[in-house]
Amino acid sequence: MLSKVRSLFSAQDMTRGKVLNNMIRFSVPLLIGNFAQQLYSTIDSIVVGRSVPGGLAAIGATMPVIFFMLLMFMAISTGAGIMVSQFFGARDFKRLGKTIGNTLMLVFFSGIVIMIVAIVGARPMLTLLNTPPEILDMSVQYMVISFIGILGAAYYNIGSGILRGLGDSFTPLLFLLLSTVLNTILDIVFVWQLGWGVAGAAWATIISQAISAILVLLRLYRMPTINHLTRADIKPDFKIIKELLRLGLPAGFTQGIFSLAMIMVQNLTNQMGTLVLEANTAVIRVDGFAMMPNFTFGMAATTFIGQNIGARKMDRVEEGAKVVSRLALFVSLFLSLMIVLFGRYLLALFTTSEQVISLGTGMMSILAVGYVAISQTQAFGGIMRGAGDTMPSMWISLFTTVGLRVPLAYLLTYLTRSEEWPHGSPYMLNVSLLLGWIIGAVATYLWYKRGNWRDKSTARLSGHQ
């Protein structure tokens, strides 16, 4: 029994054993971890939504802006995850150590820059997005405090990504569960007991994230698979940095496109008033849980494919692609049904307003239809990312978000203006998103079937890029 528990803490070699067992053993701790991470923002929203008038809307107004400001971390994390998994699969421990060291160095310097820009620009950015005046001060306060602790969030997420690339999805889970419990306790103390409002929720989050980051970095430093990191590993290696950014920037740019689309749609949402803002924020929180399996299987696919391509086991790559896409499909069908049946009760956790619950239920029912499409986008996109072919996802995202979703959102809300909804029906925001998801899934699958990602992976390992 002790040996089984110990094995969960070790790096997982996914180049051997049954593919399905590899996927499940890797994905379950990761899924639980994503669930726990989602609890951070969800607990904030529940505590604030039930105790601070307008607080739920204030937090919701900051989400697209915060997401946009974190793009550099996403780019670094994606590049590091691909390189770590491939070097680990190839047993190239020298380049593995340098990749990890340079990743940690990049995170520090980019984090300082992002923190300064976000703190200085918080009010101008939120004002530009037509944030309702009655919640503007609270939104600025929440955003500024969140970015004071940005390095904690960055190091936890990127450190966890590196550990997952090594096949260890269990250790970050334990640390995250610990910090989630701490976040819950601090939320109750800061918001309910001390009455700090949205500021209390923000402080609770950054303190908890800082602790989880410290624990992850200590685990990474003591990882027996890669030996102890040295100063030589952290010293800038421009070849490694260039490769990190080359692999990560397309994914970061993809997220940037998505984030800009969110900001543009957020502008529409803000104009519709506090009621729609609160409903939309609650829906996004529930949506975050529904999306978790999709993102989890995408991450599992990236690690599995990366390791097996590194080991040049293409038969396992093909089998892994089939397994992960089918797992994602089954789980997403189940979750979509649960959302339709019980979504109303989930929304009631965030607010006592019947208007907000009713509006949110309709919005969430529309999104539930699209979870199946997103599951396949993430699965096949994860497969291609594991092979290092990150560009297709960028172009598909560019088309479905900027070229399709945003124009549709503005057009459909304009066409549905009425006495009840003078700025257009809020349901059209979700309809435009659903259409983008479906078209994105079809495009991703078609590109995957072309098979170009296989050639790119073999070229990289051979040194002919």
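Let's start with confidence: the protein chain averages a pLDDT of 82, and 91% of the residues score at least 70. Here pLDDT is the predictor's confidence in each residue, from 0 to 100. This is a predicted model, where local features need pLDDT of at least 70 and side-chain atom pairs count only at pLDDT 80 or more, while totals for chains, interfaces and linings use all residues. Residues are numbered from 1 along each chain as its sequence is written, and side-chain values use heavy atoms, with hydrogens and water left out.

**Exercise 1. Find the helices where confidence is lowest and highest in the protein chain.**

Step 1: Know what a helix is here: a DSSP run (H or I, at least four residues), numbered from the N terminus, while strands are E runs of at least two.
Step 2: Confidence is lowest in helix H1 (residues 2–9), with a mean of 51.
Step 3: At the other end of the scale, helix H6 (residues 133–148) has the highest, at 92.

**Exercise 2. Check the span of helix H14 (residues 354–368), then work out what covers its buried residues.**

Step 1: The expected span of a helix is 1.5 Å times one less than its number of residues.
Step 2: H14 has 15 residues, so it should span 21 Å; its end C-alpha atoms are 21 Å apart, which agrees.
Step 3: Now look for buried residues (under 20% relative accessible area; exposed is over 50%, partly exposed in between, with a 1.4 Å probe and protein chains only). In H14, Val356, Ile357, Leu359 and Gly360 are among them, and so are Met363, Met364 and Ile366.
Step 4: The cover over these buried residues includes helix H12 (274–310), helix H13 (314–347), helix H15 (371–386) and helix H17 (427–450).

**Exercise 3. Do the span check for H17, then see what follows this helix.**

Step 1: With 24 residues, H17 should span 34 Å; its end C-alpha atoms are 36 Å apart, which agrees.
Step 2: The buried residues of H17 include Met428, Leu433, Trp437, Gly440 and Tyr448.
Step 3: Glycine 451 follows H17, and its phi is positive, near 85°. This glycine sits in the loop between H17 and helix H18 (452–462).
Step 4: Glycine 451 counts as buried because its relative accessibility is 8%.

**Exercise 4. Describe asparagine 294: where is it, and which residues does it contact?**

Step 1: Asparagine 294 belongs to helix H12.
Step 2: Its relative accessibility is 1%, so asparagine 294 counts as buried.
Step 3: Contact means heavy atoms within 4.5 Å. Setting aside neighbours within four places in sequence, asparagine 294 contacts Ser332, Tyr371, Ile374, Ser375 and Gln378.
Step 4: Check a pair along the chain: asparagine 294 and alanine 373 are 79 residues apart, yet their C-alpha atoms are separated by 9.7 Å.

**Exercise 5. Sort leucine 20, asparagine 130 and lysine 235 into buried, partly exposed or exposed.**

Step 1: Leucine 20 lies in helix H2 (residues 19–49). This leucine is partly exposed, because its relative accessible area is 41%. Leucine 20 touches Val323 and Leu327, not counting residues up to four places away in sequence.
Step 2: Asparagine 130 is in the loop between helix H5 (93–128) and H6. At 37% relative accessibility, asparagine 130 counts as partly exposed. Its phi is near 60°, a positive value in a residue other than glycine.
Step 3: Lysine 235 is in the loop between helix H10 (231–234) and H11. Its relative accessible area is 56%, so lysine 235 is exposed.

**Exercise 6. Describe the second largest pocket: what is its volume, and which residues line it?**

Step 1: On a 1 Å grid over the protein atoms alone, a pocket is an open set of points where a 1.4 Å probe fits, with protein on both sides within 12 Å along at least five of seven lines; lining residues have an atom within 4 Å of a point.
Step 2: The second largest pocket holds about 150 Å³ of space, where grid points are joined across faces, edges and corners and a volume is the space filled by probe spheres set on the points.
Step 3: Its lining includes Phe68, Met72, Ile114, Leu249 and Phe253. Helix H3 (55–69), helix H4 (71–90) and helix H11 (238–271) each supply at least two lining residues.
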